[in-house]
Amino acid sequence: MQLENKTSVKNFQKDLITWFKANQRDLPWREDQDPYKVWVSEIMLQQTRVDTVIPFFNNFMGKFPTIQALARADEGDVLKAWEGLGYYSRARNLQTAVREVKETYNGIVPNTKAEISKLKGVGPYTSGAILSIAYGIPEPAVDGNVMRVISRIFAKYDDIGKDKTRKNIEKMITSLISHEDPSSFNQGLMELGALICTPTSPSCTVCPVQSHCEAFKLGVQSELPVKVKKTKVKAKKLVCGFVKNEAGEVLIHQRPNKGLLASLWEFPNVELTEGTSLEAQLVEFLQKEYHLNTSVGEEIFHVEHVFSHLKWNVTVFEVELLSAEKESNNRAKWVNRSEIKQYPFPVSHQKIMNFCLDF
DNA sequence: CAGTCGTGGCT
DNA sequence: TAGCCAAGACT
C-alpha cells in the first residue's frame, strides 16, 4: 500500500494541493469563504452537477444574500427559487436550519462538528465541507468523488454504496488531510474526482497523484470504485385533471410537506387502481378530495416522467366544474392561468402546465 | 441497512 | 434506448 509513512503523506498533500491551486475551476461560491455561501452551495451540490447548480446559486444568492434574508423569506419564494433543481426537501430544510442559526447561534454558522451536524439537511459530508472550506478545520468531507479517488489510490474494492465504507474512508482522510490547508485538500480531492479521476476513462496520464495511486500501479483503475447495482424503478399509473371553472380558473394543489416533491404544487391527480375507468376514478377522486362535482371531458395527452426510484405514466383529462360543496381542500386553490407561474411546480407537472397553458 | 428523494447529461 | 451517474441526507 502507498502512503504508509509521513513523508509520502506529505508529498501526496503537496502534489494534490499544488495541482488544485493551479487548476481549480472558477466557481461563484469560490469568490470568498462566507460560511453562508459555502453552506448554500454545498446543499445545492448534493447529488447535483456543478454546471446545473451555477445558475441556481447565482439566482438564489441574489434573492437571499444573507442568513437574515433567507430566514425572513417566504417559504414559497424559497421553493420557487429551487424550482427545477430537484430534491425539494433540501430547500425547506435549509431555511429551517438557517432560522435555527439565526435564533440559536446569533446568525453565525457554528464551527464545531457537533453543532453544525444538528442542523437540518447537514449530514456527514456537508458538515465536513463547511468546516474545512469556510473555517479551515481539518475535518473529512467524503462525497462520491472522494470515495472514488480513495478507492483507486488504495485499490480498495469495498462497495462505496455501503455506509460502512464511507465511514472507513472518513477515518483514512482524517490521517491523510493537510492541517496546513484542509480546504484545498478536501476540495482538491473532489476537484480531482470531477476533472481527472472521473468515473469512466480517468485521465491517469495527467494525474498529479499518479505516483501515489495503487490502482494505476496495478492497472485496475477501470474496475474501481465498486458500486452494487440498485433495484429497478417501479412504474406507477396516474390520472390527472386539468380542472377549469366558469371563471376560467384552474385548480392546483400543494403536495404534502414531506415525501416526494414536498410542498410543490401540482394539478390534481391520483394513482390508478385496476378495474373502473380512468374517467370514473378521476371524478370520484375530485369529489372525495376536493368536494367537487365535475364532468370529465377529453383525454388531452400522456406524460411520462422518470424519477430516481419510480416512473410516472400520467394520463391528463380536461375537466369541467359543475358545482362545488362548501368544504374545500385547504391545500387546493383556484388560480388564473397567468398566476400559475408564481407557484413552484416540479418538472413533471411543468410538462402538463406548458401544454395546458397553450390549450 | 435499505429505501426514499429530482433532474438532466452522457454512454 | 435504457441505464448510469452527480459536491448526500433522512427515515
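**Strand C, surface by class.** I started with the surface near DNA strand C, where "near" means that a residue's C-beta atom, placed from the backbone, lies within 6 Å of the strand. I sorted its residues into ten nonpolar, eleven polar and nine charged. My classes: Ala, Val, Leu, Ile, Met, Phe, Trp, Tyr, Cys and Pro are nonpolar, Asp, Glu, Lys and Arg are charged, and the others, Gly among them, are polar.

**Ground rules.** Note to self: this is a predicted model, with local features needing pLDDT of at least 70 and side-chain atom pairs pLDDT 80 or more, while totals for chains, interfaces and linings use all residues. Residues are numbered from 1 along each chain as its sequence is written, and chains are lettered from A and ligands numbered from 1 in the order in which they are written.

**Strand C, who is there.** I get 30 residues around DNA strand C. Leu45, Gly123, Tyr125, Thr126 and Asp143 are the closest. Next I looked up the helices, which are DSSP runs of H or I with at least four residues (strands are E runs of at least two), numbered from the N terminus. H8 (124-135), H9 (144-153) and H11 (182-195) each put at least two residues into that surface. H11 gives the largest share, four residues.

**Strand B.** Which residues come nearest to DNA strand B? I find Gly86, Asp163, Ser308, Pro346 and Val347, out of 23 around the strand. Helices H10 (163-176) and H14 (347-358) each supply at least two residues here. The class split is eight nonpolar, twelve polar and three charged.

**Record check.** UniProt, in an unreviewed entry, lists residues 44-195 as "domain: HhH-GPD". Its positions are in the numbering used here, the feature name is shortened, and the annotation may be inferred rather than shown by experiment. I computed 65% helix and 0% strand over residues 44-195, with the end C-alpha atoms 19 Å apart.

**H8 on H11.** Both helices turned up at strand C, and I wanted their packing. Their angle is about 130° and their axes are 7 Å apart. For the axes I use lines fitted to C-alpha atoms, for helices over the stretch in contact, and angles run from 0 to 180 degrees between N-to-C directions. H8 and H11 are therefore oblique to each other; the cut-offs are under 35 degrees for roughly parallel, over 145 for roughly antiparallel, 65 to 115 for roughly perpendicular, and oblique for the rest. The crossing is left-handed, that is, the near helix is turned anticlockwise from the far one by less than a right angle (clockwise would be right-handed). Ala129, Ser132 and Ile133 of H8 touch Pro182, Ser183, Asn186 and Gln187 of H11, where contact means C-beta atoms, placed from the backbone, within 7 Å. That contact has three nonpolar, four polar and no charged residues.

**H2 on H3.** What angle do H2 (35-44) and H3 (50-63) make? I get about 140°, with the axes 10 Å apart, so this pair is oblique. H2 passes H3 in a right-handed crossing. Lys37, Val40, Ser41 and Met44 of H2 meet Val53, Phe56, Phe57, Phe60 and Met61 of H3. The class count is seven nonpolar, one polar and one charged.

**H5 on H6.** Last pair in this notebook. H5 (75-82) and H6 (89-104) pack at about 135°, axes 9 Å apart, which makes H5 oblique to H6. Their crossing is right-handed. From H5 I noted Glu75, Val78, Leu79 and Trp82, facing Ala91, Arg92 and Gln95 of H6. This contact comes to four nonpolar, one polar and two charged residues.

How values were computed:
Two residues are in contact if their C-beta atoms, placed from the backbone, lie within 7 Å.
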